[in-house]
Amino acid sequence: MRAAKWWRIWPGLQRDMAEAHQAVGFRTSLTSDGAEVELSAPVLQEIYLSGLRSWKRHLSRFWNDFLTGVFPASPLSWLFLFSAIQLAWFLQLDPSLGLMEKIKELLPDWGGQHHGLRGVLAAALFASCLWGTLIFTLHVALRLLLSYHGWLLEPHGAMSSPTKTWLALVRIFSGRHPMLFSYQRSLPRQPVPSVQDTVRKYLESVRPVLSDEDFDWTAVLAQEFLRLQASLLQWYLRLKSWWASNYVSDWWEEFVYLRSRNPLMVNSNYYMMDFLYVTPTPLQAARAGNAVHALLLYRHRLNRQEIPPTLLMGMRPLCSAQYEKIFNTTRIPGVQKDYIRHLHDSQHVAVFHRGRFFRVGTHSRNSLLSPRALEQQFQRILDDPSPACPHEEHLAALTAAPRGTWAQVRRSLKTQAAEALEAVEGAAFFVSLDAEPAGLTREDPAASLDAYAHALLAGRGHDRWFDKSFTLIVFSNGKLGLSVEHSWADCPISGHMWEFTLATECFQLGYSTDGHCKGHLDPTLPRPQRLQWDLPDQIHSSISLALRGAKILSENVDCHVFPFSLFGKSFIRRCHLSSDSFIQIALQLAHFRDRGQFCLTYESAMTRLFLEGRTETVRSCTREACNFVRAMEDKEKTDPQCLALFRVAVDKHQALLKAAMSGQGVDRHLFALYVVSRFLHLQSPFLTQADDHGYGVSYIFMGDDMITFHISSKKSSTKTDSHRLGQHIEDALLDVASLFQAGQHFKRRFRGSGKEDSRHRCGFLSRQTGASKTSMTSTYF
């Protein structure tokens with residue numbers, strides 16, 4: 001087997017070729033003395049401002065990286081230490097115990113008049129060495145403190161004395177006002193679990209879904225693996241855990257994402273919705289202007305590391321590495337594997353409208369374009385009557401094709417239309433101005449939400465550039481959404497950006513009374529640049545085939561979205577339960593009623609407690625959950641009996657979730673062992689296969705009193721139906737809630753008013769949500 005290439009970020013030094021065509025404000029005049037170039041004042045000003053911006057950017061990055069590197073100390077602490085040493089030296093005290101005298105002897109002799117200068121330099125060098133040693137000690141101490149996970153394993157609401165002591169020490173060593181990447185040097189590495197524990201947990205997880213005969217055979221395979229291969233594979237993983245930042249994340253990114261040859265659309269990319277009940281303005285260009293400006297404000301804060309790191313319990317930092325590639329990032333297709341191209345900066349966005357591509361600059365001489373100026377640019381695109389060129393309209397369908405196919409076609413495209421391709425791939429992000437409306441409607445809320453989700457997930461197959469880190473989608477009625485490429489980061493990262501964007505564009509930037517962005521038009525602003533694609537004939541058939549495949553893939557998606565507002569987080573908290581565990585056990589009940597059997601369930605959990613951690617799997621179909629489901633379906637079981645089993649299932653789920661978050665999960669370890677076995681040409685029994693007959697369920701807690709569910713499956717499967725599962729989920733939630741005395745009225749209220757009408761009304765009866773904090777979890781059956 002040929003050794004795989006390691007994943008890497010390719011250098012981002014290229015710049016958009018189209019920028020060479022920008023206007024240069026100079027004019028040439030010929031005199032009798034010969035040719036002479038005369039620079040007008042605006043050009044000198046532009047050159048000055050350009051250089052000033054560049055130096056500010058470089059100095060800002062250097063200064064921010066320096067502050068991050070010395071955190072939790074600060075430059076003032078060095079000055080304080082140096083001053084203290086100088087004061088002690090003035091008082092004829094030597095805090096260095098003779099080291100400064102030795103440093104002075106090593107310094108060049110500049111003559112007697114510079115004797116004082118040598119003393120100052122010696123003190124500065126000693127202070128710097130002592131300061132660096134103290135910073136290194138702080139980093140080591142904080143890393144040791146952050147390696148403690150006992151707090152995570154304790155019961156909710158209880159805190160032991162060791163945890164209280166740990167909490168106090170973390171607060172002492174964490175410093176104040178951290179920047180986004182301040183904690184990166186202090187985060188612990190993700191541990192490699194014991195292979196015996198992993199195999200034991202694996203067998204425990206598959207027991208509920210296997211017959212006795214199948215389980216016995218699986219146990220025999222597991223014992224053979226432990227006896228023959230496990231120790232060797234584990235040794236390699238431990239070696240990697242000491243050498244690399246994370247023993248699994250880079251392989252996960254490469255083999256699960258970048259080496260996958262399946263189309264990104266539907267299979268990998270995911271979407272994010274706008275406010276369900278609020279549309280700040282119906283003007284498409286205005287909404288696009290504010291949203292793009294808000295996204296670029298987020299990028300500005302990101303570049304300056306002004307986004308505070310995410311802290312659990314207010315003090316336990318999570319890894320921030322995934323934030324680096326939100327903007328200026330494209331997944332480039334390859335024949336065997338893709339790679340991620342990330343630029344340090346980009347001053348334009350690529351825009352798609354009615355089959356045409358445009359390049360829209362995002363900066364003026366002094367700063368970022370105002371929302372009103374951006375609205376003006378987007379309106380110019382909307383008003384542009386020029387038609388799409390032949391095959392240009394469906395060109396982006398190539399990004400929805402199998403990756404190997406797209407890689408081969410892209411070679412020709414890069415030769416024939418390099419400038420236009422670079423304008424798209426080198427953009428900060430992609431913007432799609434859709435010609436159709438979308439969003440929740442009162443006339444048919446269920447169907448409209450399903451159509452909205454489907455439009456964000458797949459569109460028409462040719463109006464999203466699926467390779468970009470994300471596509472901002474603006475519908476004709478002002479609704480927004482995101483389509484996000486998955487390889488560069490996980491959902492919480494893009495979710496944080498999206499919450500900031502919605503809150504900023506709606507509540508901070510705002511709109512005028514006529515629905516336009518605030519501010520004034522700029523008549524001197526050059527029009528957006530229409531991108532020209534010189535498409536060779538051999539590409540035409542490839543575009544047609546890609547479009548056909550994208551439509552087939554899109555039409556096979558059975559997508560169902562519904563808001564459940566009879567209760568939410570607040571009710572679950574009153575039951576003294578974890579919100580996530582409550583939903584997960586209810587989903588097991590819903591799935592059993594839908595399929596009449598149990599199956600392995602994948603719930604995503606984050607491992608960002610560790611450096612460069614991404615995700616881990618919680619296998620939530622446990623024996624305890626199955627016992628509860630069987631009891632709920634047994635008419636002879638009483639509510640108290642079911643409730644007792646439900647609490648046991650919740651406790652088990654919480655234990656699995658905490659183990660996954662603390663690096664003691666099953667699937668990522670098995671995955672890494674499997675990768676090593678393939679490198680060593682060893683046979684491994686731990687193979688996983690995709691199941692076309694499963695469901696994907698995402699749920700978001702919107703505020704305290706609503707849960708929005710997103711269900712997807714394949715229409716080609718005869719065993720699944722997303723709408724049918726949605727009804728089972730509603731029934732299961734109400735049946736579980738009714739086990740608690742406080743939940744009885746929810747069930748009576750829902751049943752008494754008619755299920756279908758209530759499901760349609762539930763979204764409109766709930767209060768309209770703004771940019772409230774949300775949490776999202778995904779589950780796959």
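User: In this predicted model, which residue of β19 does F701 stand opposite?
Analyst: The model is a predicted one. F701 belongs to strand β18, where V697, Y699 and F701 point one way and G696, S698, I700 and M702 point the other. Strand β18 pairs with β19 (residues 706-714) in the antiparallel sense, over 7 bridges. Within β19, the residue opposite F701 is I707.

User: Which residue in the turn between β18 and β19 has a positive phi?
Analyst: The two strands form a hairpin, with 3 residues between them. In that turn, a positive phi of about 70° is found at G703.

User: How many residues of strand β18 are buried, and why is the strand described as largely enclosed?
Analyst: Side chains in a regular strand alternate between the two faces of the sheet. In β18, the residues pointing one way and those pointing the other way are all buried. The strand, residues 696-702, is therefore largely enclosed by the rest of the structure, the buried count being 7 of the 7 residues.

User: What is the strand order of the open sheet of 7 strands?
Analyst: Strands of a sheet pair through backbone hydrogen bonds, either parallel or antiparallel. In this open sheet the pairing is mixed. The edge strands, each pairing on one side only, are β4 (270-273) and β14 (529-530). The full order is β4-β13-β12-β11-β9-β10-β14.

User: Which residue of β11 stands opposite F352?
Analyst: Strand β9 (residues 348-353) and strand β11 (residues 430-433) run parallel and are joined by 3 bridges. Opposite F352, the residue in β11 is S432.

User: What angle does the direction of helix α14 make with that of β9?
Analyst: Helix α14 (residues 418-425) packs on the sheet and touches β9, β10 (356-361), β11 and β14. Its buried residues also pack against elements including β7 (329-332), β8 (339-342) and α13 (403-416). The angle between the direction of α14 and that of β9 is about 105°.

User: Which residues of α14 are buried?
Analyst: Helix α14 is mostly covered, with 6 of its 8 residues buried. Those residues are A420, L421, E422, A423, V424 and E425.

User: At what angle to β4 does helix α15 run?
Analyst: Helix α15 comprises residues 445-457 and lies across β4, β12 (470-474) and β13 (480-484). Relative to β4, α15 runs at about 130°.

User: How are α9 and α22 oriented to each other, and which residues of α22 make the contact?
Analyst: The axes of α9 (residues 230-243) and α22 (residues 667-679) come within 9 Å and cross at roughly 105°. The two helices are therefore roughly perpendicular to each other. The contact residues divide into 6 nonpolar, 3 polar and no charged. From α9 the contact uses L233, Q234, Y236 and L237, and from α22 it uses H669, A672, L673, V676 and S677.

User: Is A288 buried or exposed?
Analyst: A288 lies in helix α11 (residues 284-303). Beyond four places in sequence, A288 touches F378, L433 and V474. The C-alpha atoms of A288 and F475 are separated by 9.2 Å, although these residues are 187 residues apart along the chain. With a relative accessible area of 0%, A288 is buried.

User: What is the relative accessible area of A73?
Analyst: A73 lies in the loop between α1 (41-70) and α2 (75-90). Leaving aside neighbours within four places in sequence, A73 is in contact with W131 and I135. A73 falls under the 20% cut-off for a buried residue, and its relative accessible area is 16%.

User: Which element gives the most to the largest nonpolar core?
Analyst: In soluble globular proteins, nonpolar side chains tend to be buried together. The largest nonpolar core here has 49 residues, and those with the most contacts inside it are I326, F378, F429 and L472. I326 is in contact with residues including Y298, L302 and W488. With 8 residues, the element that gives the most to this core is α11.

User: How many residues does the other core have?
Analyst: Another core lies apart from the largest one, and F562, F709, L725 and F781 are among its residues. The number of residues in this core is 47.

User: What percentage of the residues of the chain count as buried?
Analyst: The chain has 25 helices and 20 strands. Of its 781 residues, the share that count as buried is 54%.

Methods
Residues are numbered from 1 along each chain as its sequence is written. This is a predicted model: local features need pLDDT of at least 70, side-chain atom pairs count only at pLDDT 80 or more; totals for chains, interfaces and linings use all residues. Side-chain values use heavy atoms; hydrogens and water are left out. Axes are lines fitted to C-alpha atoms, for helices over the stretch in contact, and angles run from 0 to 180 degrees between N-to-C directions. Helices (H or I, at least four residues) and strands (E, at least two) are DSSP runs, numbered from the N terminus. Angles under 35 degrees count as roughly parallel, over 145 as roughly antiparallel, 65 to 115 as roughly perpendicular and the rest as oblique. Contact means heavy atoms within 4.5 Å. Ala, Val, Leu, Ile, Met, Phe, Trp, Tyr, Cys and Pro count as nonpolar, Asp, Glu, Lys and Arg as charged, and the others, Gly among them, as polar. Two strands pair if DSSP finds at least two bridges between them. Buried means under 20% relative accessible area, exposed over 50%, partly exposed in between (1.4 Å probe, protein chains only). A nonpolar core is a set of buried Ala, Val, Leu, Ile, Met, Phe, Trp, Tyr and Cys residues joined through side-chain atoms within 4.5 Å.
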